[in-house]
Amino acid sequence: MDLSKLRSLTKRAQGGLRSLAVGRVTRGAAVVAVSIASAWLGIMLGGPVRANVGPVELGMTAEPSWTGETVLDAHPFGTLLFDTHDAPVGLRVTLENINTSRVAMILDNPRMSSHLPSMMEKELREGVRTLVVRALVCGLAGGLLGSLIVFRRPGPALAGLLSATVAIAGTGAAVALTFHPRAVVEPKYTGLLAGAPSLVGDAESIVTRFESYRTQLAKLVNNVSQLYDTVSALPLYDSDPASIRILHVSDIHLNPIAWNVIRSLTEQFKIDAVVDTGDLTDHGTGPEDKFAEEIGRLGLPYVFVRGNHDSGSTQKAVAKQKGAVVLDDKVKTVAGLRIYGLGDPRFTPDKSVSVDSDLEALAATGREHAARLALESKPVDLVAVHDPTIARQFSGRTPMILAGHSHERSTELLPSGTRLLVQGSTGGAGLRALEHDEPTPVAASVLYFDRKSHRLRAWDDITLGGLGEQSVQIERHVESAPGRTISPGPTVSPSPTGATVGATPP
């Protein structure tokens, strides 16, 4: 055999080995894909379980999820989402039925209230255990049967069973390692506005009284069962005497829908006072001043600081309204909180004028007034301004700063320990909402302050969309260290891009 034929045979042999290797890898990948898909199908078809947990009957289902959250479906009132873990599997809990006999027993026997958390914890643990066992069995069976049906040979079927076992074990380990029990006190609610306060619960009570995971869960399930038990007359949302409730609104921009939203929120959440961080109007003209008359009809204190679209005439029109408290370099005690407010130094109704052309001048204005505020004999609990650039200069002078202007909600914990909350547009940016492909959402926040320490304990970010005020999303946040020390830190100056220097994300 000559050398050329030998080389040709060698190349053919190498090509055959490569093709064989590629074929094996392809078949292996196909076996893994089929087994995992079949395992998920088996879990979804055979895995759902029902469990009695306290006064309710729950349905539990494991389902694929990139975000790995737990969803409580309280139809027709809405859903609660909890960021409980980070794994490619989610837990969906649906309210199937109310056990009226158990509800009557709980209401008639006061002793049951003390035993309810432990009973619910035990029953929920049993339900989850049953779900895990059934999901495991159905997942493994699905992986085996799916591989056997597709490949019709015992070898690939056993390989599929092994792949499903590894995938399920890995997912279970990821759930266990990334579990966040604290997520129960920070739910994200989507649904009807009328049911929101009762479902989400009282932030102050959750933070100060509900020390254990099981008690928080008992409170949540009780809220859901009460809603279903009284569909015709939703339960009243009692105000916690240990909290001061402030509704933060901003940038209404002449949108009358905002007054409907504010009235609904003040009633549902038992608000003590409203803080408006400016831009009530668009051009600050005389005819627009009549828009401020709705403030007097709210029936509670309304703190207002002027925005860059509000004129001096607008400020005077607000000051004439019943319950209005206009703050312009002043401090007033409202609803038990010492609040300092500063009106925006600009008036720029002309849309062609850049309102952020001189950020350093705004920062200098903020530093000047912050230095004056430091000379106050008593510290302030809250600072309200319009522009975030000015707001950041009050870092270290107060525990909490409220601002607006950007039409986009954000929050950050400044290096001094001061928290800055920038509100979105409670008016959906007015007519500006039509300038973009997606309408600007209507935004507001409910802040819960401790009545004794005057520190923020928690807050609910409320975002409305769809059919006006009827569809609402509420995301609860709990302040991790409400009693932290507030100390004057380094000056927070605006960067050329408008971002903050030295600020840390929450």
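A residue is called buried when its relative accessible area is under 20%, exposed when that area is over 50%, and partly exposed in between, as computed with a 1.4 Å probe on protein chains only. The structure is a predicted model, in which local features need pLDDT of at least 70 and side-chain atom pairs count only at pLDDT 80 or more, whereas totals for chains, interfaces and linings use all residues. Residues are numbered from 1 along each chain as its sequence is written, and side-chain values use heavy atoms, with hydrogens and water left out.

Helices (H or I, at least four residues) and strands (E, at least two) are DSSP runs numbered from the N terminus. Helix 10 comprises 15 residues, 359–373, and its end C-alpha atoms are 21 Å apart, which agrees with the 21 Å expected at 1.5 Å a residue, where the expected span is 1.5 Å times one less than the number of residues. In this helix Leu359, Leu362, Ala363, Gly366, His369, Ala370 and Leu373 are buried. Seen down the axis of helix 10, these buried residues fall within an arc of 135 degrees, and therefore they line one face of the helix; the arc is that of the directions from the helix axis to the C-beta atoms. The buried residues of helix 10 pack against strand 11 (330–334), strand 12 (337–341), strand 13 (382–384) and helix 11 (388–391), contact meaning heavy atoms within 4.5 Å.

Also in helix 10, the side chains of glutamate 360 and arginine 367 meet in a salt bridge, with N and O 2.7 Å apart, a salt bridge being a side-chain nitrogen of Lys or Arg within 4 Å of a carboxyl oxygen of Asp or Glu. Glutamate 360 is partly exposed at 41% relative accessibility, and arginine 367 is likewise partly exposed, with a relative accessible area of 30%.

A search of the whole structure finds 17 salt bridges. One of them joins arginine 263 to glutamate 294, the closest N and O atoms being 3.0 Å apart. Arginine 263 lies in helix 8 and glutamate 294 in the loop between strand 8 (273–276) and strand 9 (302–304), so the pair ties together parts that are 31 residues apart in sequence. A further salt bridge, at 3.0 Å from N to O, is formed by the side chains of aspartate 387 and arginine 346. Aspartate 387 is buried, with a relative accessible area of 2%, and arginine 346 is also buried, at 14%.
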